[in-house]
Amino acid sequence: MLKAINLSKAYNGKKALNDISFHVEQGEIFCLLGQNGAGKTTTINLFLGFIKPDGGSAFINDEEINNSALNQKVAYIPEIVQLYGNLSGVENLDFFSRLAGFTYSKDELSEFLSQAGLQAEAHYLSLSSYSKGMRQKVGIAVAIAKNADVIFMDEPTSGLDPKATAEFTSICKNLVAAGKTIFMATHDIFNAVNVGTSIGIMKEGSLVQQIQTKNINAEQLKQLYLETI
Ligand SMILES: Nc1ncnc2c1ncn2[C@@H]1O[C@H](COP(=O)(O)OP(=O)(O)OP(=O)(O)O)[C@@H](O)[C@H]1O
């Protein structure tokens, strides 16, 4: 589903990504770990076509990323989901679905919000009353509404309380059960083991470890991470 071949990117002569290659199969949840500045967001930005690589190629579903075309099959959930505070969850979802070319009834929009884990009582409340976790659920609902095959997430559990994190984990598992593929950059080792099917560890622009989560527990991953970075 996702393939990086010898991807490189430098900013002002300084390498942000150094010849990284990996692939992620459909239905996987790939978690990318690494210190601040390791290159995680740069990797996501290359896949989203927000920036161009200096070398190498990125593919989604065997299609090379073309930075001039917004891939309809891809959704992006940033750490802080930007929504309109004066609109409700349903109205925000309606707006962003239409932007992506989809028109839905109010009931359908509500159903997408429910699938994303947002409680029904909140669907028509103003976004200004939403917590961070609730805003994230609207972001996930947008991904569902636009029928994205791949969902990129940057620091999705940062600032979420343990209950919201557990809920997020179960929503991710539902999404992959429905055929989606998830790629997330995270600092949350425990969540990476819990939700991920595979994990990459980046150091200074290089992908230095790739592990299947079935082969490791959180304590072992923490040790490996500390030895690696
Ligand atoms: N637009 C930019 N201009 C200049 N340098 C940049 C830019 N974006 C990223 N960098 C640099 O590229 C390197 C990789 O940054 P990146 O944001 O990909 O790291 P990260 O692993 O996502 O870090 P964090 O965990 O802090 O989000 C860093 O040295 C960063 O300063």
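Visitor: In what order do the 4 strands of the open sheet stand, and what is the sense of their pairing?

Guide: In this predicted model, the strands run in the order β2-β1-β4-β5, and they pair in the antiparallel sense.

Visitor: What makes β2 and β5 edge strands?

Guide: Each of them, β2 (14–24) and β5 (63–64), pairs on one side only.

Visitor: How do you know that β4 and β5 pair?

Guide: Pairing requires at least two bridges between the strands. Strand β4 (residues 55–60) is joined to β5 over 2 bridges in the antiparallel sense, so the criterion of at least two bridges is met. Ile 60 has Glu 63 of β5 opposite.

Visitor: Why are α2 and α4 called oblique to each other?

Guide: Helix α2 (residues 89–99) packs on helix α4 (residues 132–145) at an angle of about 40°. Angles under 35 degrees would count as roughly parallel, and 65 to 115 as roughly perpendicular. The value of about 40° falls in neither range, and α2 and α4 are therefore oblique. Their axes lie 10 Å apart, and the crossing is right-handed.

Visitor: Which residues bring α2 and α4 into contact?

Guide: From α2 come Gly 89, Asn 92, Leu 93, Phe 96 and Ser 97, which meet Val 138, Ala 141, Val 142 and Ala 145 of α4. By class, this contact holds 6 nonpolar and 3 polar residues, with no charged ones.

Visitor: Why is α2 described as roughly perpendicular to α3?

Guide: The angle between α2 and helix α3 (residues 106–115) is about 100°, and their axes are 9 Å apart. Because angles of 65 to 115 degrees count as roughly perpendicular, α2 is placed in that class with respect to α3. On the α2 side the contact is formed by Gly 89, Val 90, Leu 93 and Asp 94, and on the α3 side by Lys 106, Leu 109, Ser 110, Phe 112 and Leu 113.

Visitor: How do the residues of the contact of α2 with α3 divide by class?

Guide: There are 5 nonpolar, 2 polar and 2 charged residues in the contact of α2 with α3.

Visitor: Which residues are around the ligand?

Guide: The shell consists of Tyr 11, Ala 16, Gly 34, Asn 36, Gly 37, Ala 38, Gly 39, Lys 40, Thr 41, Thr 42 and Ala 185. Helix α1 (residues 40–47) gives the most to this shell, with 3 residues.

Visitor: How do the residues of that shell divide by class?

Guide: The shell around the ligand has 4 nonpolar, 6 polar and 1 charged residues. Gly counts as polar in this scheme, and Gly 34, Gly 37 and Gly 39 are among the residues of the shell.

Terms used:
Residues numbered from 1 in each chain as written. Predicted model: local features only at pLDDT ≥ 70, side-chain atom pairs only at ≥ 80, totals over all residues. Axes fitted to C-alpha atoms, helices over the stretch in contact; angles between N-to-C directions. Parallel < 35°, antiparallel > 145°, perpendicular 65-115°, else oblique. Left-handed = near helix turned anticlockwise from the far one by under 90°. Contact = placed C-beta atoms within 7 Å. Near = placed C-beta within 6 Å.
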